Amino acid sequence: MVSKVLSSLAVNRDRLSTMIHQLAQLGKLPNGGVQRLAFSPEDCHARALVRRWMVEAGMTVRLDEAGNLIGRYPGRFEAAPPLVTGSHIDTVPNAGHYDGTYGVLAGIESVRTLSERKLYLDHPIEVIVFADEERTMIGCKAMAGRLLNDPKLYSSRSQEPVETCLERVGGDWDIIDHARRTPESMAAFVELHVEQGPMLTTLNKQIGIVTGIVGQRRYWITVEGQSSHAGTTPMSMRQDALVAASQIVLAVNQIGQRPGDQVATVGRLELSPNVPNSIPGKVEMSLDLRDLSSDRLDQLLSDIHQAIDSIAAETDTQISMTQRLHNEPSPANSHIQNAIAQVCDDLKLTHCSLPSRASHDAQEIAHITDMGMIFVPSEGGISHAETEYTSPEDCANGATVLLQTLMRLDRHYHCPS
C-alpha cells in the first residue's frame, strides 16, 4: 500500500510556483528581473526565508563552515547516508527567477510532499543551498574538498574579503575544511535545474536527462603587433594585432563548428590603443572551450595552437596563451540517468539525453558521490536574464521527477541495518 502511495506522489504545482514568486521579490529589479548577489543583504534575507520553508517542510536546518544551508528530512534509517539534492539561490546581476532557485525550492517542495503525508524513505533527504555558485562556487568546492587554500582567490563581486562574507552568513574560513564531506556521507546527489539553453524547447521534450557536465578550458590570448598611424602606414608594412585577432576568432569558430558536441567561444576582446586613427598594436581576448571528453578538449586546443602559430607567422605578430581555468568533465552516474528515464516513462513525460554545457554545483559534488541532473525547458533557451521563464507546468513536472527519482534511488542504495 505504501509503495502504491509513493508511486503516485506528485508535488503541489501552485505551492511551488508561489515559493518561486515570493523568493523573486527579494532582490527584485524594476525590469522584473532579480539581483541577489552572494552574501548581499538580499541573499541573506533569501536564506532566512528558505530556512523557514525548510523547517515548515519538516526539516532540521544547519549551516556548515562554507556557508552552505542544509535542510535534513529524516529517514527510517537515520544512520544511512542521505540522498541529497539542491542548488543555489544567489544570482548574477540582472538575473531571472529560476536559475538555481528552482532546484532548491523543488527540493523543499519534494520533502514537503512526503512530510504532509507523514511518509519517510529509508534514507534521509538533504536539500542544500550552496554558497556563491555564481562567482566562486566556494560552497560546493569546500564540500567536495577542492577549495584552494588562499582566501584572496575567492573575493566577492564587491571585492570584500571572503572571510567577511562567510562570517556574515554563518560560515568560517579558518575552519572551512570542516565543511568537507566524504563519499560515505552521501548516497547520491541529484540536481534539478532549468536547462539554460534551447535544446529541450527545440526538440519539444519535457525533461532533459543530463549525461554529464562538460569540462572547460579557458585561456587569455594576447596578440602583440605594432601600433602606428592609420593614415601613413602602408597596408603591406603593418603589424595589425586586430587583424590577427580577427583571424583567431574565425579559426576558433571554424574549429568549434566541426562535427561533435564541443563549443568554442571568443567572448571578450580588449584592444590598444583603441582609437580610430591608430593601428591596434595589442589585443587581448578570451577563449572558452567546452566538451564532455577531455581527449576532445585536448585535440581542440592542439588545433587552435596550430592555427594561432600560422596566424602569427602570416601577420608578423607575437601571440601567447595563458590558461585561466581547467575543469575536467563530470559524467553523470548511469544508474541515476536510468532511474530518471524510468520515472519519466512512468509519468508519460517526453525526455531526451543531453550534456550540460554550463557549470553547476553538481560538477563539484560529483567528485565525492554518484551524481545526476534533471533539466526542464527554458523558454527560448534564455537564462541569466530578466526574461528567463519556465512554465509552472514544467516546474511541477521536473519537481515530481526529482521526487520520484529520489524514491527510486532510495531502493537502489544500501541502508545499514
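## A bridge between a helix and a strand

Let's start with a pair of opposite charges: Asp298 and Arg217 meet through their side chains in a salt bridge, 3.8 Å from N to O. (A salt bridge here is a side-chain nitrogen of Lys or Arg within 4 Å of a carboxyl oxygen of Asp or Glu.) Asp298 belongs to helix α9 (residues 294-315) and Arg217 to strand β7 (residues 215-224), so this pair ties together parts that are 81 residues apart in sequence. Helices (H or I, at least four residues) and strands (E, at least two) are DSSP runs, numbered from the N terminus.

The two partners sit in different accessibility classes: Asp298 is partly exposed at 43% relative accessible area, while Arg217 is buried at 2%. (Buried means under 20% relative accessible area, exposed over 50%, and partly exposed in between, with a 1.4 Å probe and protein chains only.)

## About the model

You are looking at a predicted model, in which local features need pLDDT of at least 70 and side-chain atom pairs count only at pLDDT 80 or more, while totals for chains, interfaces and linings use all residues. Residues are numbered from 1 along each chain as its sequence is written, and side-chain values use heavy atoms, with hydrogens and water left out.

## More salt bridges

The structure holds 21 salt bridges. In one of them, Arg112 pairs with Glu56, with the closest N and O atoms 3.5 Å apart. Arg112 lies in helix α4 (residues 101-115) and Glu56 in helix α3 (residues 41-56), so the bridge ties together parts that are 56 residues apart in sequence. Arg112 is buried at 14% relative accessible area, whereas Glu56 is partly exposed at 45%.

Strands are joined too: Arg72 forms a salt bridge with Glu126, with 3.2 Å between the closest N and O atoms. Since Arg72 is in strand β2 (residues 69-73) and Glu126 in strand β4 (residues 125-129), the pair ties together parts that are 54 residues apart in sequence. Here the arginine, Arg72, is partly exposed at 22%, and Glu126 is buried at 3%.

## Cysteines without partners

How many disulfides does the count come to? The count is zero, where a disulfide is a pair of cysteine sulfur atoms within 2.5 Å. Take Cys140: the closest cysteine sulfur, in Cys165, is 16 Å from its own, too far for a bond. Cys140 is also buried, at 0% relative accessibility.

Cys395 gives a second example. Its sulfur is 15 Å from the closest cysteine sulfur, which is in Cys344, again too far for a bond. Cys395 is buried as well, with a relative accessible area of 2%.

## Backbone details worth finding

Most residues other than glycine have a negative phi, and most peptide bonds are trans. With that in mind, look for the cis peptide bond that joins Ser272 and Pro273, where omega is about 10 degrees. Pro273 is in the loop between β9 (269-272) and β10 (282-291).

Asp132 has a positive phi, near 50 degrees. This residue is in the loop between β4 and α5 (138-143), and at 6% relative accessibility Asp132 is buried. Asn204 also has a positive phi, near 60 degrees, and is placed in the loop between α7 (199-203) and β6 (207-213). Is Asn204 buried or exposed? Asn204 is exposed, with a relative accessible area of 65%.
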